[in-house]
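Please work through the exercises below with the sequence and the model at hand, trying each task before reading its solution.

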Amino acid sequence: MGRLDGKVALITGAGDGIGRAAALLFAREGARVGVLDIVEERAARTVRQIEREGGSAVAVVADVSAPAHGARAVDRVVGAFGGLHVLYNNAGTWAPGDGAVTELTLDAWERTLRVNLTGTMLMCRAGIPALIDSGGGSIINTSSPVAYRPEPVCDAYTASKGGVSALTRSIAQYYARHGVRANILIPGPMVTGMTRDALADPGYRDASIRMTALGRLGELEEVASVALFLASDDSRFVTGSEQWVDGGWMLGPTQDPIPPA
Ligand SMILES: NC(=O)c1ccc[n+]([C@@H]2O[C@H](COP(=O)([O-])OP(=O)(O)OC[C@H]3O[C@@H](n4cnc5c(N)ncnc54)[C@H](O)[C@@H]3O)[C@@H](O)[C@H]2O)c1
């Protein structure tokens, strides 16, 4: 008996990183999964892996920031599997050229806002009617610790994720009456395609590790398991919440105790 038996999930950015780990876990727990990615080969690779393990999935090639793509993606998943119960907005970007406002490029600002914030809004706009038609469901939107404690300085990314958090709370409040829950998932630092180059720098890697109370980077599966909780009926009384999977990043770096006087 899987924790997502009978459910249909659509996961954006599921061709790599955290989204791919979640797609594999959701399928193992019985969900039929729409694997959305902007890169066709990545989506296809995740679908192949799910099918090799005996699960059901369909690849959806789409750009979450393109206004027409969301509705097409939702139609494809509902057409394949007959409904939609979970919308996990995971796709995101950390664009080159991001930084402090006096230094970032306008191109990085616009691209980041378009993918991370507008993309999340567009996917919610496309997915919510299908969630309601399916008797209600769960939205999981991906924010970041930097939206709450801005280190390192990447103001476009920070602003985009702050917007995602605020938008998610508003969606949670308004659509609760339709049986739609919406929660904010906040992963801490971990090695993925997005962060591999930055974390290859020993100084940045050490600083990132020092920022977590648990003293290490996270694993993709550690985020996927919390996404599974939010997707499943185990969280049926949870909406508008922030689910931190950050190893204690928000607690701040560990300091030595003050010696007794
Ligand atoms: N890795 C981290 O340390 C970390 C920390 C905090 C938050 N996050 C967030 O977690 C989420 C997943 O990040 P990740 O690290 O797994 O990234 P990743 O780069 O490994 O994977 C992202 C996937 O999204 C796809 N994608 C990118 N833009 C897209 C678009 N416009 N439309 C559709 N698909 C698109 C990519 O092709 C890729 O397969 C992001 O929202 C990211 O901001 C990551």
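**Exercise 1: the surroundings of Met190**

Leaving out residues up to four places away in sequence, Met190 touches Ile18, Thr195, Leu199, Leu217, Gly218, Glu219, Leu220 and Val223, where contact means heavy atoms within 4.5 Å. The model is a predicted one, in which local features need pLDDT of at least 70 and side-chain atom pairs count only at pLDDT 80 or more, while totals for chains, interfaces and linings use all residues. Residues are numbered from 1 along each chain as its sequence is written, and side-chain values use heavy atoms, with hydrogens and water left out.

Task: Place Met190 in the chain and decide whether it is buried or exposed.

Solution: Begin with the location, which is the loop between S6 and helix H6 (196–200); helices (H or I, at least four residues) and strands (E, at least two) are DSSP runs, numbered from the N terminus. Next take the relative accessible area, which is 4%, so Met190 is buried; the term means under 20% relative accessible area, with exposed over 50% and partly exposed in between (1.4 Å probe, protein chains only). Finally, consider the partner Gly218, which is 28 residues apart from Met190 in sequence but 4.8 Å apart in space, C-alpha to C-alpha.

**Exercise 2: strand S6 and its partner**

Task: Determine which residues of S6 point one way and which the other way, and identify how S5 and S6 pair.

Solution: In a regular strand the side chains alternate between the two faces of the sheet. Applied to S6 (residues 180–187), one set consists of Val180, Ala182, Ile184 and Ile186, whereas Arg181, Asn183, Leu185 and Pro187 point the other way, and all are buried. This agrees with the count for the strand, in which 8 of 8 residues are buried. Strand S5 (residues 137–142) pairs with S6 in the parallel sense over 6 bridges, pairing being assigned if DSSP finds at least two bridges between two strands; within this pair, Asn141 stands opposite Ile184.

**Exercise 3: strands S1 and S2**

Task: Explain why S2 can be described as largely enclosed.

Solution: Strand S2 covers residues 32–37, and 5 of its 6 residues are buried, so the rest of the structure largely encloses it. Its pairing with S1 (residues 8–12) is in the parallel sense, over 5 bridges, and Thr12 stands opposite Leu36.

**Exercise 4: Ala156 and a cis peptide bond**

Task: Describe what surrounds Ala156 and find the residues joined by a cis peptide bond.

Solution: Ala156 is found in helix H5 and is buried, with a relative accessible area of 0%. Beyond residues up to four places away in sequence, Ala156 touches Asp98, Gly99, Leu104, Ala108, Trp109, Thr112 and Leu113. Its C-alpha atom is 8.0 Å from that of Val101, although 55 residues separate the two along the chain. Pro152 lies in the loop between S5 and helix H5 (155–175), and the bond joining Glu151 and Pro152 is cis, with omega about 0°. Most peptide bonds are trans.

**Exercise 5: the whole chain**

Task: Summarise the architecture of the chain from its helices and strands and its radius of gyration.

Solution: The chain has 8 helices and 7 strands. Its radius of gyration (taken over C-alpha atoms) is 18 Å, close to the 18 Å that the globule rule (2.2 Å times the number of residues to the power 0.38) gives for 261 residues, so the chain is as compact as a globular protein of that length. Of these 261 residues, 51% count as buried.
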